[in-house]
Amino acid sequence: MTESESLRSRLTRKPIVVAPGVYDPFTALVATQAGFTTLYLSGAAIAYTRLGRPDIGLVSMTEVMETLALIRDRVPAHLVVDGDTGYGNALNVVRTIREFERAGANAIQLEDQDFPKRCGHLDGKTLIPATEMCGKIRAAVDSRRSRETLIVARTDAVAVEGFERAVERAAQYCEAGADMLFVEAPKSRDDLARITKTLAGKLPLMANMVEGGKTPPLPSHELEALGFSLVIFPGGIVRALGKMAGEYYGSLAANGTTEPFRARMLDFDGLNAVIGTPEMIALGQRYETTEQSSGRKTGTQR
């Protein structure tokens, strides 16, 4: 990715864009240090980590916006943001798009679930009519300030109305003006292939890999071969950290010290190197030196 390349432009070429899920500036920073140039801000991951709760519509628009703004302040990566249902009707969508775009989103995902929504890989979802979702998409497109801010239209209809109807909904959302299509929770590799075969050429297509979810896990190169342009791994980091945190706390409880776990941890200096502590201290000292030098040159008394 070139420094000036937009996400819209990047999605038109290979290889497929792989976007790991993040939920705060620290995970975003570590992901970019690993080489990722596109990140996915997961509403589910925010619910897991900020609330310690499941992804069942408990996270508010302002909580996502605040998290997004903090991430944007820390990393330059393209940010794809989970906007859930838009947090209400078409007028709520207008506000969501404006706030997320202002906070630094490069793409905003909206879904056709009814409220309260739930994780796309949980059972018991309900949908709004396709016509209502099309209105939300039009509202999103009309309210964005830049055409480079992508509107991602997600349908959860596979679990509610069946695969064929899900693809039909996606085609309608394309006609409504979406920039990318996302058919959530297909149940087989054949279904993934049918999505790309049916919707190929309309818009870039997005796939979602959830460890233990309803969709079989495929590596990015296979998804690229099928015709997908973007694949997200939204909650993987929380599942990884959840397992490691359980092992860390278990070790500490059993041993009364962190020493048995030290090989699996960053030490004090290692963590400071990751977050840039030496550079921040040096920056502060540079400003202090400049101010003091200026004071001496002008004869300013302190």
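Aspartate 156, leaving aside residues up to four places away in sequence, touches Glu111, Asp112, Gln113, Gly120, Lys125, Leu127 and Glu184. In this predicted model, aspartate 156 sits in the loop that runs between β5 (150–155) and α7 (163–176), and its side chain joins that of lysine 125 through a polar contact of 3.0 Å. With a relative accessible area of 0%, aspartate 156 is buried, because that value falls under the 20% limit.

**The protein as a whole**

- The secondary structure of the protein comes to 12 helices and 8 strands, and its C-alpha trace spans about 75 × 55 × 35 Å along the principal axes.
- Of the 302 residues in the protein, 46% are buried, while the accessible surface comes to about 15,000 Å², with 54% of that surface belonging to carbon and sulfur atoms.
- Among the contacts with a separation of 6 or more, 68% are accounted for by residues that lie 24 or more positions apart.
- The protein carries 36 positive and 37 negative charges, and the mean positions of these two sets are 2 Å apart.

**Helix α3 and its surroundings**

- Helix α3 covers residues 43–51, and its buried residues are Gly43, Ala44, Ala45, Ile46 and Ala47.
- These buried residues of α3 pack against the strands β1 (17–22), β2 (38–41) and β3 (78–82), and also against the helices α4 (61–74) and α10 (236–255).
- At the start of α3, the backbone nitrogen of alanine 44 has a side-chain oxygen of serine 42 within 3.2 Å.
- At the other end, α3 is followed by glycine 52, which has a positive phi, near 65°.

**Aromatic pairs**

- The structure holds 3 aromatic pairs, and one of them is formed by tyrosine 87 and phenylalanine 100, which meet edge-to-face at 6.3 Å centre to centre with 70° between the planes.
- Tyrosine 87 lies in the loop between β3 and α5 (90–103) whereas phenylalanine 100 belongs to helix α5, so this pair ties together parts that are 13 residues apart in sequence.
- Both partners count as buried, although tyrosine 87 has a relative accessibility of 19% and phenylalanine 100 has one of 0%; tyrosine 87 is therefore placed in that class by the limit of under 20%.
- The rings of tyrosine 248 and tyrosine 249 have their centres 5.1 Å apart and their planes at 70°, so this pair too is edge-to-face.
- Tyrosine 248 counts as partly exposed at 22% relative accessibility, whereas tyrosine 249, at 56%, counts as exposed because its value is over 50%.
- Through ring pairs, Tyr248 and Tyr249 are linked with Phe261 into a cluster.

**Alanine 171 in helix α7**

- Alanine 171 is found in helix α7, the helix that bounds the loop holding aspartate 156.
- With a relative accessible area of 23%, alanine 171 is partly exposed, because this value lies between the limits of 20% and 50%.
- Leaving out residues up to four places away in sequence, alanine 171 touches Leu199 and Lys202.
- Alanine 171 and leucine 203 are 32 residues apart in sequence, and their C-alpha atoms are 9.5 Å apart in space.

Note on methods. Residues are numbered from 1 along each chain as its sequence is written. This is a predicted model: local features need pLDDT of at least 70, side-chain atom pairs count only at pLDDT 80 or more; totals for chains, interfaces and linings use all residues. Side-chain values use heavy atoms; hydrogens and water are left out. Helices (H or I, at least four residues) and strands (E, at least two) are DSSP runs, numbered from the N terminus. Buried means under 20% relative accessible area, exposed over 50%, partly exposed in between (1.4 Å probe, protein chains only). Contact means heavy atoms within 4.5 Å. Accessible areas come from the Shrake-Rupley method with a 1.4 Å probe; for residues, only the protein chains shown count as cover. Lys and Arg count as positive and Asp and Glu as negative; His and the chain ends are not counted. The place of a charge is taken as NZ of Lys, CZ of Arg, CG of Asp or CD of Glu. A polar contact is a pair of N or O atoms within 3.5 Å; within protein, one must be able to donate a hydrogen and the other to accept it, and residues adjacent in sequence count only if both atoms are side-chain atoms. Rings of Phe, Tyr and Trp (its six-membered ring) pair if their centres lie within 6.5 Å; planes under 30 degrees apart count as stacked, over 60 as edge-to-face and the rest as tilted.
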